[in-house]
Amino acid sequence: MAKGDPGVTRGGRRAAPRSRKGATGDPELVQLLTPEGERIDSVTGPDGTEYRVDFTDEEYRGLYRDLVLVRKLDAEATALQRQGELGIWASLLGQEAAQVGSGRALRTQDMAFPTYREHGVLYCRGIDPIMPLGLFRGVDQGGWDPNEFKFNMYTIVIGAQTLHATGYAMGVAMDGKTGTDDGEAVIAYFGDGATSQGDVNESFVWAGVFNAPLVFFCQNNQYAISEPLERQTRIPLYQRAAGFGFPGVRVDGNDVLATYAVTRHALDNARHGQGPSLIEAYTYRMGAHTTSDDPTRYRIASEVEAWQAKDPIARMKAFLDKQQIAGADFFAEVDEQARRESVHLRERVLAMPNPEPTTLFDHVYPNGSPLLDEQREQFSKYLESFEGSAH
């Protein structure tokens with residue numbers, strides 16, 4: 001696990017390249033690791049912020065391990081769904097760097113509000129990766145404790161979690177938990193399509209007006225299901241922040257180092273009482289929106305191939321190899337660990353017992369209710385009516 005600080009400075013103590021334009025002429029974005037695995041020492045953002053990271057070799061290897069394990073576990077979940085063992089699955093394929101980089105940038109006291117795709121952030125928060133699979137298998141409601149792991153439950157309603165995050169962040173500020181190095185910060189994850197939702201824009205208004213210690217983290221994976229980005233906005237998404245009175249920055253979402261540096265800087269600003277910010281992690285969803293989707297109906301193969309050349313794991317591996325930080329033995333060991341953990345995950349999913357139907361009533365109210373007891377009794381009688389029948 002990476003623990004190094006990004007070492008962000010204002011004004012820069014040495015010359016640093018400006019943030020780069022993408023190969024297709026996209027607006028400038030912060031990048032510390034090129035698709036070829038070339039390391040950039042530091043980058044100065046449009047507002048003069050210098051971004052860099054100072055990691056040990058072991059921490060660099062830890063980031064690579066995170067990326068590989070998260071991808072393998074995600075692939076196993078997709079396979080389980082295809083085999084009828086999960087009802088649905090939303091893959092993070094292609095977005096590993098955005099999630100691992102931002103997830104590792106969180107401090108212990110920070111709170112995260114995910115969508116339904118942040119399996120990589122969940123992993124970085126120390127939550128058993130089987131937890132969301134129980135949810136999508138339909139045997140429980142997730143199961144982790146948001147307060148223990150500082151990671152809220154998955155949110156299926158698009159954009160709703162940004163309202164929850166804003167309210168939570170306002171509470172953090174009202175409780176006086178900002179203004180110091182040990183202050184708390186909050187991060188809310190959402191996709192590019194969610195920026196068209198009223199909930200997200202209302203969250204921007206409230207967070208800006210009340211100076212909430214909140215980082216809005218948009219994973220722009222180029223498609224809101226089948227709708228491309230140009231049907232969501234006429235300007236780069238990060239530029240929307242200015243209209244709500246707080247800063248925005250675009251980062252190469254396939255670069256785990258830059259994502260870490262930008263997220264840590266934004267979180268530290270929030271915890272010190274400098275208010276909200278918006279990060280647009282420019283990335284790409286390599287697979288389907290969910291396993292119910294067919295992306296071949298709305299995008300062309302050449303586009304996918306172009307993004308494959310920017311693969312987050314391949315560039316990190318190239319960096320480790322070029323810098324002689326890791327070799328063949330290390331890469332083979334990580335692959336074997338990923339294989340073992342994915343097999344173990346599959347075995348545990350298949351061993352999950354189906355819940356008794358009446359447990360549906362168990363956690364509706366903390367102390368129960370007479371009406372709920374009556375409904376449980378009626379439902380039990382209904383189930384019993386099928387015993388021994390021809391149905």
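These legends walk through several close-up views of a predicted model.

**View 1. Helices α1 and α12 pack together, and a salt bridge joins them.** Here the axes of α1 and α12 lie 9 Å apart, at an angle of about 35°. Their crossing is right-handed. If you sort the residues of this contact by character, you find 13 nonpolar, 2 polar and 9 charged. Look also for E333 and R65, which form a salt bridge with their closest N and O atoms 3.1 Å apart. E333 belongs to helix α12 (residues 328–350) and R65 to helix α1 (residues 57–82), so the pair links distant parts of the chain, 268 residues apart. E333 has a relative accessibility of 34%, which is why it counts as partly exposed.

**View 2. Helix α4 meets helix α12.** Helix α4 (residues 130–137) packs against α12 with the two axes 11 Å apart and an angle of about 40° between them. The two helices are therefore oblique to each other. As in the previous view, the crossing is right-handed, here with α4 passing α12. On the α4 side the contact is made by I130, L133 and R137, while α12 brings L345, R348, V349 and L350. Of these contact residues, 5 are nonpolar, 2 are charged and none is polar.

**View 3. The surroundings of helix α4.** Which residues of α4 are buried? They are I130, P132, L133, G134 and F136. The cover over these buried residues includes α1, α3 (119–124) and α12. Just after α4 comes G138, with a positive phi near 85°.

**View 4. D128, in the loop before α4.** D128 sits in the loop between α3 and α4. Its relative accessible area is 28%, so D128 is partly exposed. Leaving aside residues up to four places away in sequence, D128 touches L122 and R348. R348 is one of the α12 residues in the contact with α4. For a sense of scale, D128 and Y168 are 40 residues apart in sequence, and their C-alpha atoms are 24 Å apart in space.

**View 5. A buried salt bridge between D252 and R315.** The structure holds 22 salt bridges, and this view shows the one that D252 forms with R315, where the closest N and O atoms are 2.9 Å apart. D252 lies in strand β9 (residues 248–252) and R315 in helix α11 (residues 312–322), so this pair links distant parts of the chain, 63 residues apart. Are these two residues buried or exposed? Both D252 and R315 are buried.

**View 6. A partly exposed salt bridge between D362 and R376.** In this close-up, the side chains of D362 and R376 meet in a salt bridge, at 3.0 Å from N to O. D362 is in the loop between α12 and α13 (370–384), and R376 is in helix α13, 14 residues away. Because its relative accessible area is 39%, D362 is partly exposed. R376 counts as partly exposed too, with a relative accessibility of 25%.

**View 7. A network of salt bridges.** Which residues are linked here in a network of salt bridges? Find R107, D110, D268 and R271 to trace the network.

**View 8. Helix α2, enclosed by the rest of the structure.** In helix α2 (residues 96–105), 10 of the 10 residues are buried, so the helix is largely enclosed by the rest of the structure. Among its buried residues are E96, Q99 and R104, along with A97, V100 and G103.

**View 9. Two glutamines with positive phi.** Most residues other than glycine have a negative phi, which is why positive values are worth a look. Q222 is not a glycine, yet its phi is positive, near 80°. Q222 lies in the loop between β6 (214–220) and β7 (223–224). With a relative accessibility of 11%, Q222 counts as buried. Q324 is not a glycine either, and its phi is positive at about 55°. You will find Q324 in the loop between α11 and α12. Is Q324 buried or exposed? Its relative accessible area is 73%, so Q324 is exposed.

Note on methods
Residues are numbered from 1 along each chain as its sequence is written. This is a predicted model: local features need pLDDT of at least 70, side-chain atom pairs count only at pLDDT 80 or more; totals for chains, interfaces and linings use all residues. Side-chain values use heavy atoms; hydrogens and water are left out. A salt bridge is a side-chain nitrogen of Lys or Arg within 4 Å of a carboxyl oxygen of Asp or Glu. Helices (H or I, at least four residues) and strands (E, at least two) are DSSP runs, numbered from the N terminus. Buried means under 20% relative accessible area, exposed over 50%, partly exposed in between (1.4 Å probe, protein chains only). Axes are lines fitted to C-alpha atoms, for helices over the stretch in contact, and angles run from 0 to 180 degrees between N-to-C directions. Angles under 35 degrees count as roughly parallel, over 145 as roughly antiparallel, 65 to 115 as roughly perpendicular and the rest as oblique. A crossing is left-handed if the near helix is turned anticlockwise from the far one by less than a right angle, and right-handed if clockwise. Contact means heavy atoms within 4.5 Å. Ala, Val, Leu, Ile, Met, Phe, Trp, Tyr, Cys and Pro count as nonpolar, Asp, Glu, Lys and Arg as charged, and the others, Gly among them, as polar.
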